[in-house]
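Visitor: I'm new to this structure. Please choose one spot, take a close look at it with me, and then show me how the rest fits around it.

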Amino acid sequence: MFFANTVVVASHRRSGMQWTIDALRNNSADINDSYMSLEQMEADHDGAIPLAVFRRRLLSMDGRVLINVRELPTAESWKGLDERLFARTLLQHSPTIYVHRDGRDVMVSMYYYMQSFSETVRNQSFSKFLRGEVGADGEAIAMSRPGYWSCHVESWMKKANLLAVSYDDLEINHEATLRKMAAFLDIKLYSNLRTLPTPGPQDSEPKFGNVLERLGVRRRRGAIAAQPRIGQSGDWRKLFDKRDRDFFMKEAGDTMNRLGYK
């Protein structure tokens, strides 16, 4: 079964997923240079791939294949039954690297990122954006943006065979973090490791319709996104006022404490 060669790399949006993928595939011959997105099985994805084609591509790839996932690990967001069962099985049997970032910086990064293609967000204050509701994947309930971030982190951290990696460790202790991931996956690294630059424009995700719907945004057909902003750890201090901080901690404080963010 091909699940023996799959590795899931998961994160909330704007949390360093692409940085992690590039760190692994550029520093080990054991990792296939190409990678796949599990969300591509969704029919409304811009680069949608039918399940049968997705499976064939996966079977044809040598080495360990990285599969990125931004949905919740329940796999309830896939509308098709076959796709949902496939996603659930792959997530259950694959080792997982979960990349997390200070949730406050995630909120700021999302705010600026979504301004690049959403007129609605461009006309919102950060405080209003922070309190906007996001529908949880596959569920009828809605949460605040910090609440959904907390739900995403907590859901993934419960998964077995998972290694949690922080954005800060990737930024500050890159080589040590890379070796930690390699040991977890039992792969060999090159003798001369490549240090990747801090994630910026290359870390932006595809702007497909279902993502925008979950973020509560409608984008004008044919609109072109502006160049993504390059953020830094601690950017939240520039936008959060006391009421924003209090609101965020009320919604996601327990998760922040568990992750060790002060």
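**A histidine and its surroundings**

Guide: Let's start with His-174, whose side chain reaches the backbone oxygen of Leu-170 at a distance of 3.1 Å. Please keep in mind that this is a predicted model. His-174 sits in helix 9, which covers residues 174-185. His-174 counts as buried because its relative accessibility is 9%, and the cut-off for that word is under 20%. Leaving out residues up to four places away in sequence, His-174 touches Trp-19, Ala-23, Asp-169, Arg-194, Thr-195 and Leu-196.

Now step back to the whole protein. There are 11 helices and 7 strands, and of the 262 residues, 55% count as buried. If you take the contacts between residues at least 6 apart in sequence, 76% of them join residues at least 24 apart. The accessible surface comes to about 12500 Å², with 48% of it belonging to carbon and sulfur atoms.

Helix 11 deserves a stop on the way. At Ala-252 this helix bends by about 80°. Its end C-alpha atoms span only 22 Å, whereas a straight helix of 18 residues would span 26 Å. Asp-241 caps the N-terminal end of helix 11, with a side-chain oxygen 3.1 Å from the backbone nitrogen of Arg-243. After the helix comes Gly-260, which has a positive phi near 90°. The buried residues of helix 11 are Asp-244, Phe-247, Phe-248, Ala-252, Gly-253, Thr-255, Met-256 and Leu-259. Their cover includes strand 4, helix 4, helix 6, strand 6 and helix 7.

That brings us to the inside of the protein. In soluble globular proteins, nonpolar side chains tend to be buried together. Here the largest nonpolar core has 44 residues, and Leu-38, Phe-86, Met-107 and Trp-149 have the most contacts inside it. Among the elements giving it two or more residues are strand 1, strand 3, helix 7 and helix 11. Helix 4 gives the largest share, 7 residues. Trp-149 shows how parts meet: apart from neighbours within four places in sequence, its contacts include His-12, Arg-101, Val-106 and Met-107, as well as Phe-248, Ala-252, Thr-255, Met-256 and Leu-259. Those last five are among the buried residues of helix 11.

A second, separate core has 21 residues, including Val-7, Ile-21, Leu-170 and Met-181. And so we are back at our starting point: Leu-170 is the residue whose backbone oxygen the side chain of His-174 reaches.

Key. Residues are numbered from 1 along each chain as its sequence is written. This is a predicted model: local features need pLDDT of at least 70, side-chain atom pairs count only at pLDDT 80 or more; totals for chains, interfaces and linings use all residues. Side-chain values use heavy atoms; hydrogens and water are left out. A nonpolar core is a set of buried Ala, Val, Leu, Ile, Met, Phe, Trp, Tyr and Cys residues joined through side-chain atoms within 4.5 Å. Buried means under 20% relative accessible area, exposed over 50%, partly exposed in between (1.4 Å probe, protein chains only). Helices (H or I, at least four residues) and strands (E, at least two) are DSSP runs, numbered from the N terminus. Contact means heavy atoms within 4.5 Å. Accessible areas come from the Shrake-Rupley method with a 1.4 Å probe; for residues, only the protein chains shown count as cover. The expected span of a helix is 1.5 Å times one less than its number of residues. The bend at a residue is the angle between axes fitted to the seven residues ending there and the seven starting there. A polar contact is a pair of N or O atoms within 3.5 Å; within protein, one must be able to donate a hydrogen and the other to accept it, and residues adjacent in sequence count only if both atoms are side-chain atoms.
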